[in-house]
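Trainee: I am new to this structure. Could we go through it in questions and answers?

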Amino acid sequence: LILSLSSSMSVDGPLALILSLSSSMSVDGPLASYVNPGGHVHDTLTVLEATSVERMGLPSTENSWFPGYQWTILNCKGCSMHKGWYFEATRRNLNPVRFYGLTRSSLVLKSS
């Protein structure tokens, strides 16, 4: 996983991401905690772009953490492990139109 946070921080592994801090989906910043209907807490990083991931299954609006967005499960293309969710607007007036929510547990920092 490679995550560009600054010139001195990155994440190791097969997934490459581009992080845009200016387009956070939470007032608390790009990393926030969300709870699913089963009570599991997911620390989730919202980013505008991600590569080396693939959507699994059909999109759903049920229990979306972001009103007006449908979600689809994201898995790593290399290892098939769950990496988070792909969110896409269901209404024309929403911005961004699409973004990714990546589980913090799937990010591993490496020293530069």
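Mentor: Start with a definition: a nonpolar core is a set of buried Ala, Val, Leu, Ile, Met, Phe, Trp, Tyr and Cys residues joined through side-chain atoms within 4.5 Å. Keep in mind that this is a predicted model.

Trainee: How many helices and strands does the chain have?

Mentor: Read along the sequence, the pattern is β-β-β-β-β-β-β-β-β-β-β. The count is zero helices and eleven strands.

Trainee: Which strand gives the most to the largest nonpolar core?

Mentor: That core has ten residues, including Ala-32, Tyr-34, Trp-85 and Phe-87. Strands β4 (31-35) and β9 (82-89) each supply at least two of its residues. With three residues, the one that gives the most is β9.

Trainee: Are the rings of Tyr-34 and Trp-65 stacked or edge-to-face?

Mentor: Their centres are 5.1 Å apart, with 20° between the planes. Planes under 30 degrees apart count as stacked. So the pair of Tyr-34 and Trp-65 is stacked.

Trainee: How many residues apart in sequence are the parts that this pair ties together?

Mentor: Tyr-34 lies in strand β4. Trp-65 lies in the loop between β7 (53-60) and β8 (69-76). The pair therefore ties together parts separated in sequence by 31 residues.

Trainee: What kind of pair do Trp-65 and Trp-85 form?

Mentor: Both Trp-65 and Trp-85 are buried. Their ring centres lie 4.9 Å apart. The planes are at 80°, so the pair is edge-to-face.

Trainee: Over which ring does the charged end of Arg-55 sit?

Mentor: The charged end of Arg-55 is 4.0 Å from the centre of that ring. The ring belongs to Tyr-86.

Notes. Residues are numbered from 1 along each chain as its sequence is written. This is a predicted model: local features need pLDDT of at least 70, side-chain atom pairs count only at pLDDT 80 or more; totals for chains, interfaces and linings use all residues. Side-chain values use heavy atoms; hydrogens and water are left out. Helices (H or I, at least four residues) and strands (E, at least two) are DSSP runs, numbered from the N terminus. Buried means under 20% relative accessible area, exposed over 50%, partly exposed in between (1.4 Å probe, protein chains only). Rings of Phe, Tyr and Trp (its six-membered ring) pair if their centres lie within 6.5 Å; planes under 30 degrees apart count as stacked, over 60 as edge-to-face and the rest as tilted. A charge sits over a ring if NZ of Lys or CZ of Arg is within 6 Å of the ring centre and within 35 degrees of the ring normal.
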